[in-house]
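Visitor: I would like to take a close look at a single part of this structure, and I would be glad of a slow and careful walk through it. Please start with one strand and its partners, and then go outward from there.

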Amino acid sequence: MMRRTLVALSVLASPVAVAAQPATTKLDAVAGIPKTDETTQTEDIHFKAGADNRLTVPVRVSGAGPFQFLVDTGADRTAVSSQLVGKLGLVAGQRASVHSVTGVTSVSTANVPDLELTRKPFKVIDAPVLDSANMGADGILGVDSLRSKRVLFDFENQTLSIVPSAVSDFRDEPGTIVVQARRKNGRLIVTDAAANGHDVTVVIDTGAQISIGNEALRDELVGRGLVDPAQKIELQSVTGALLSGDYMFVREMEIGGLMVKNLAIVFADAHTFHELKLDRRPALLLGMNAIRAFKKVSIDFASQKFRVVLPESSELDVRLAAAGL
């Protein structure tokens, strides 16, 4: 297979910068894919890129808004802020355990009777209630809101397209590469991946500001392609808790037919790896510092595919690795 090579730019400018990492809750609750309406048309939603490079989209809740919700393929449940709950008077639900990068936290929940992202509103029962300052948004759109859909990020036009997975995919463009994935606890996971030639499991996580590697991956790479000495930084979860990590660069990260060079990664003993049972073998949460390097990214939960379109020309180093250029 012909591979494409690019350089992913770092999003952290300081060793003391804080990267927010959204939560996951009730991990087994959204493993299935519901039936979809194949006649539903694609809907384009303009997203905003925050200072931390993550993406938010306008969402209406109970007819009010729009409010800014973070699009997070690494969170299995949709969450709302405590400020939004108070403003709209949402009814409280049962308490829930929230799993974030820092651990497990018991939180209150709220029932959202009418959440409108596209033309068809839907209900969210027992949505975790979190502080907007910790989320960096009014809420989080998790996999439970997107799992029957294909989500296309068009970074060139700053739009997010949402369409049922059963609808035909967009036409291939020059520079398109499709990577087969699988689902685990609702998330898309790619096993055909390697870091500096060492096998690694990759979790697609649009809610992470920066890619996060586990300790098993670091142990494999020590002395073999980690660029620059480690710099200590802290990761902040949606509960406000902090996790210390080492900020470094991996020389080569191959995902399917893609080759990403000099990828910025924070190595940390994140709880997410333990929750997904990925703590004992090399694994990586692929964050927005890598995902935003592409022209377009399509994430299809039902067909389990991760598709990217490489930019024709940009500040990135884009070339055919197979040609040795």
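Guide: A good place to start is a pair of residues that face each other across two strands: in strand β22, the bridge partner of Val190 is Val202. Please keep in mind that this is a predicted model. Val190 belongs to strand β19, which covers residues 187-190 and pairs with β22 in the antiparallel sense over two bridges. Strand β22 itself covers residues 201-204, and its side chains point in two directions, with Thr201 and Val203 going one way and Val202 and Ile204 the other way. Whichever way they point, all four of these residues are buried, and to judge that word you need its cut-off, which is a relative accessible area under 20%.

Strand β22 also has a partner in strand β27 (residues 283-286), and here four bridges join the two strands, which run parallel. If you want one contact to look for in this pairing, find Ile204, whose bridge partner in β27 is Leu286. Strand β22 is thus antiparallel to β19 and parallel to β27.

Now go back along the chain to Asp199, which lies in strand β21, a run of residues 198-199. Asp199 has a relative accessible area of 62%, and because a value over 50% counts as exposed, this residue is exposed, whereas Thr201 in β22 is buried. Asp199 is also one member of a patch of negative charge on the surface, where it gathers with Asp192, Glu215, Asp219, Glu220 and Asp269. Helix α4, which covers residues 215-221, gives the most to this negative patch, with three residues.

For another example of pairing, turn to strand β29, which covers residues 305-309 and is mostly covered, since four of its five residues are buried. Strand β17 (residues 176-180) pairs with β29 in the antiparallel sense over five bridges, and within that pairing Val178 stands opposite Arg307. Strand β28 (residues 296-300) also runs antiparallel to β29 and is joined to it by five bridges, with Ile299 standing opposite Phe306. Strands β28 and β29 form a hairpin with four residues between the strands, and in this hairpin Gln304 takes a positive phi near 60°.

How values were computed
Residues numbered from 1 in each chain as written. Predicted model: local features only at pLDDT ≥ 70, side-chain atom pairs only at ≥ 80, totals over all residues. Heavy atoms only, no water. Buried < 20%, exposed > 50% of the residue type's maximum accessible area, 1.4 Å probe, protein only. Pairing = 2+ DSSP bridges. Patch = residues over 30% accessible without salt bridge, like charges linked within 9 Å, V, L, I, M, F, W, Y side chains within 5 Å. Areas by Shrake-Rupley, 256 points an atom, 1.4 Å probe, with all protein chains shown as cover. Salt bridge = Lys/Arg side-chain N within 4 Å of Asp/Glu carboxyl O. Lys, Arg positive; Asp, Glu negative; His and termini not counted. Charge placed at Lys NZ, Arg CZ, Asp CG, Glu CD.
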